[in-house]
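Biologist: I am new to reading protein structures. Could we go through one together, feature by feature?
Modeller: Gladly! Let us put it on the screen and begin.

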Amino acid sequence: MENSEGVKIESTVVTEEPLISALDIALFVVIITVAYFWYFKRDKQSSSSEKKPYTIQPSSLSSIEQTSNSSFIKKLKSTGRSLVVFYGSQTGTAEEFAGRIAKEGARYKMKGMVADPEECDMADLVEMKEIQKSLAIFCIATYGEGDPTDNAMDFYEWLQNGDADLEGLNYAVFGLGNKTYVHYNEIAIYIDQRLEELGATRVHEIGLGDDDANIEDDFVSWKEKLWESVCSHYGIEETGEESNIRQYKLVDCSEVLPERIFSGEISRLKSYENQRFPFDVKNPYLSKIAVNRELHKSGDRSCMHIEFDVDGSKMRYDTGDHVAVYPKNSSELVDKIGELLNADLDAVFSLLNTDEESSKKHPFPCPCTYRTALTYYLDITSNPRTHIMKELIEYASDPKDQEKLKLMASSTPEGKKEFHEWILRDNRNIVHILEDLPSVKPDLDHLCELLPRLQCRYYSISSSPKVYPKSIHITAVLVNYTTPTNRVNKGVATNLLAQLIPTNDELPQPTIPIYIRRSQFRLPPKSQTPIIMIGPGTGLAPFRGFIQERDYARKEGREIGEMVLYFGCRKKDEDFIYENELQEYVANGTLTKLHLAFSRDQPEKKYVTHLLEQNADELWNIIGEKSGHLYVCGDARSMAKDVHSIIVKVVMEKGQMTNSQALNYVKKMEQQKRYSADVWS
């Protein structure tokens with residue numbers, strides 16, 4: 001108002017007595033205009049600088065580069081490639097398989113590339129027919145309750161909702177799943193069928209890998225037949241050239257400034273020193289351990305109750321969600337690799353992709369030291385796959401070691417048997433292999449290229465945000481076991497967590513990187529809906545959160561439905577976790593019934609499945625007559641399957657249905673989210 005009012009007054013003065021010239025007015029307007037733009041430009045820059053710390057930049061690509069790289073068709077055409085292998089991966093296995101297929105393409109004169117569907121415009125699949133003798137292969141994992149992996153979600157939805165004409169697209173699909181889960185390889189099967197529906201040509205039948213058995217064997221067997229089909233379809237022959245071409249080249253980074261060297265961060269340099277919201281798989285939150293206490297009362301096993309402090313992080317979770325924990329390998333194993341290979345673990349290096357067109361410039365954050373890579377980024381405790389055996393052959397100086405590796409890398413029945421017995425049955429990791437084959441001395445940088453990425457571990461959250469909005473609780477059994485070679489293998493995450501004991505307030509509290517993964521394992525929307533929870537051992541974890549949430553609602557004066565819990569453990573006086581809490585919930589009426597099975601407290605073992613069979617009337621009353629919800633959490637291999645069979649049997653008998661009708665009834669419960677499972681194998 002002041003500027004406008006001033007100009008008006010000055011205009012009046014000029015009319016009556018021209019003391020101010022037109023030039024003065026023009027200069028004044030210019031000054032005001034300059035001042036105006038200077039002020040707002042400065043304000044905008046200030047605002048921009050304030051927001052900048054909250055922008056998370058990708059580790060290797062700018063947003064402009066990502067946009068230009070979204071067209072995989074342009075990359076194929078510009079580099080003379082005809083094979084693209086997409087992966088839908090949650091733990092890295094599908095990505096690893098995709099890389100192996102793309103690499104082998106060279107043996108069939110099909111230059112290949114690996115692609116992440118999340119970073120690609122998948123609508124470009126319609127243009128694959130423009131590339132001569134082109135082929136798209138999909139290595140797709142299924143996880144959870146038949147869910148796509150995070151990076152394949154957009155592609156899955158595009159297939160569901162779109163009607164693209166894919167005539168001329170040649171494809172093959174390999175699925176990664178686990179037969180102990182109800183929705184075994186559901187996503188891969190859907191993609192395989194949907195691509196055909198849209199007009200694409202299946203070059204080779206779908207492969208279904210079972211992680212509960214031997215997914216490596218499944219993959220290798222499928223891959224061999226795949227190439228036979230490819231040769232037949234395109235009229236080509238294998239060149240016979242065995243290629244061990246490196247995907248990454250070693251770069252000496254000894255001169256890199258210390259502040260530019262990664263020290264364990266997942267994606268962004270110094271991300272643990274300068275935490276930025278939002279927190280996710282590439283940007284975890286460094287949480288303090290607020291509580292770490294033992295739940296078992298006695299015995300030689302350990303079960304930990306751990307609370308992660310998330311106060312001030314802006315992280316939010318829902319009851320039933322999972323928390324991902326980023327572990328690190330033990331220094332003992334890392335040092336052992338350094339000793340066996342006579343390597344300087346503190347040397348700074350980088351691995352740079354030899355394929356300049358690849359969006360994945362490094363296999364893990366680089367540059368870093370070998371110690372950092374082996375501690376934070378590489379999986380050194382799992383059983384190596386056959387392709388690693390193959391790559392190690394050239395580093396064996398002893399003919400006997402060479403022959404053993406060649407045998408295990410082969411696809412012959414004898415080779416598969418040897419690999420199964422010596423690697424899988426005896427549970428050898430890369431450290432054990434280097435110990436037992438002493439002449440094998442691989443270059444450490446090549447070993448770092450070969451080993452898979454160390455993955456985060458997921459735990460069911462055992463708390464409710466209504467009761468604990470500033471902390472996340474988990475319930476974790478310490479994993480330690482002796483292998484057939486008398487070595488003690490230790491769980492990477494649980495053994496790390498066991499060491500993170502909070503101290504008094506004067507000392508820095510132990511920390512660990514975490515993030516929240518959303519789940520479909522949810523309480524019914526209405527608190528009055530009755531529910532049955534079946535969770536032996538640490539399967540109790542999410543139900544502790546469910547009970548807390550219903551107890552919170554009850555204390556608020558809301559009506560809550562029946563809550564029936566089936567819990568089992570070995571011995572009441574040894575591993576009955578959260579006993580006092582559960583008894584208190586029974587006493588105050590939140591928990592309607594608590595059915596307990598202590599398998600080793602009597603001569604004949606008793607499990608929760610026995611109690612379920614005994615309480616058929618109660619089961620049917622809740623899931624049949626009252627349309628309640630049923631939840632299962634725990635072991636997928638036996639317990640969850642047995643529970644499913646019992647539920648079908650109860651529905652048949654109490655609902656007076658045939659077997660097929662009962663199966664359909666249970667399937668409908670699953671579709672309506674009235675029968676949910678949070679299981680693991």
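**Reading the fold step by step**

Modeller: The protein chain has 23 helices and 23 strands. Please keep in mind that this is a predicted model.

Biologist: Thanks. What percentage of the 681 residues in the protein chain is buried?

Modeller: Buried residues account for 49% of the 681. We can also look at contacts between residues with a separation of 6 or more: 75% of these in the protein chain join residues 24 or more positions apart.

Biologist: How should I read a sheet?

Modeller: Here is the general idea: strands of a sheet pair through backbone hydrogen bonds, in a parallel or an antiparallel way. Now for a case. One open sheet here has five strands in the order β21-β20-β19-β22-β23, and the pairing is parallel.

Biologist: Which are the edge strands of that sheet?

Modeller: They are β21 (593-598) and β23 (675-680), each of which pairs on one side only. From one strand to the next, the twist averages 10°. Look at one pairing in detail: β19 (residues 531-534) and β20 (residues 563-569) run parallel and are joined by four bridges. Within that pair, isoleucine 532 stands opposite valine 564 of β20.

Biologist: Which helix packs on the sheet?

Modeller: That is helix α21 (residues 616-625), which touches β19, β20, β21 and β22 (629-635). The direction of α21 makes about 125° with that of β19.

Biologist: And where can I find antiparallel pairing?

Modeller: Try strand β10. Strand β9 (residues 285-294) pairs with β10 in the antiparallel sense over six bridges, and arginine 293 has histidine 305 of β10 as its bridge partner. Strand β10 also runs antiparallel to strand β15 (residues 471-477), with seven bridges joining them. There, isoleucine 306 is partnered by isoleucine 474 in β15.

Biologist: How many of the seven residues of β10 are buried?

Modeller: Six of them are, so strand β10 (residues 303-309) is mostly covered.

Biologist: Which residue could I look at as an exposed example?

Modeller: Take proline 508, in the loop between α16 (492-499) and β18 (511-517). Proline 508 counts as exposed because its relative accessibility is 73%, and the cut-off is over 50%. You can also compare sequence with space here: proline 508 and lysine 288 are 220 residues apart along the chain, while their C-alpha atoms are separated by 9.0 Å.

Biologist: Is threonine 609 buried or exposed?

Modeller: Threonine 609 is buried, because its relative accessibility is 13% and the limit is under 20%. Threonine 609 lies in helix α20 (residues 608-614). Leaving out residues up to four places away in sequence, threonine 609 touches Asp642, Val643 and Ile646.

Biologist: Next, disulfides. How many does a search of the whole structure find?

Modeller: The search finds zero. Take cysteine 253: the nearest cysteine sulfur, in cysteine 366, is 7.5 Å away. Cysteine 253 is itself buried, at 7% relative accessible area.

Biologist: Why is cysteine 448 not bonded to cysteine 368?

Modeller: A disulfide needs sulfur atoms within 2.5 Å. The sulfur of cysteine 448 has its closest cysteine sulfur in cysteine 368, 7.6 Å away, so the distance is too far for a bond. Cysteine 448 is also buried, with a relative accessibility of 1%.

Biologist: How many aromatic pairs are there?

Modeller: The count comes to 24. One example is phenylalanine 349 with tyrosine 370: the ring centres are 3.9 Å apart and the planes are at 10°, so this pair is stacked. Phenylalanine 349 belongs to strand β12 (residues 348-353) and tyrosine 370 to helix α10 (residues 370-377), so the pair ties together parts 21 residues apart in sequence. Both partners are buried: phenylalanine 349 has 2% relative accessibility, and tyrosine 370 has a relative accessible area of 9%.

Biologist: Which residues do ring pairs link into a cluster?

Modeller: Look for Phe72, Phe86, Phe138, Phe155 and Trp158.

Biologist: One last thing: which charged end sits over the ring of tyrosine 458?

Modeller: The charged end of arginine 517 does, 3.7 Å from the centre of that ring.

Key. Residues are numbered from 1 along each chain as its sequence is written. This is a predicted model: local features need pLDDT of at least 70, side-chain atom pairs count only at pLDDT 80 or more; totals for chains, interfaces and linings use all residues. Side-chain values use heavy atoms; hydrogens and water are left out. Buried means under 20% relative accessible area, exposed over 50%, partly exposed in between (1.4 Å probe, protein chains only). Helices (H or I, at least four residues) and strands (E, at least two) are DSSP runs, numbered from the N terminus. Contact means heavy atoms within 4.5 Å. Two strands pair if DSSP finds at least two bridges between them. Axes are lines fitted to C-alpha atoms, for helices over the stretch in contact, and angles run from 0 to 180 degrees between N-to-C directions. Rings of Phe, Tyr and Trp (its six-membered ring) pair if their centres lie within 6.5 Å; planes under 30 degrees apart count as stacked, over 60 as edge-to-face and the rest as tilted. A charge sits over a ring if NZ of Lys or CZ of Arg is within 6 Å of the ring centre and within 35 degrees of the ring normal.
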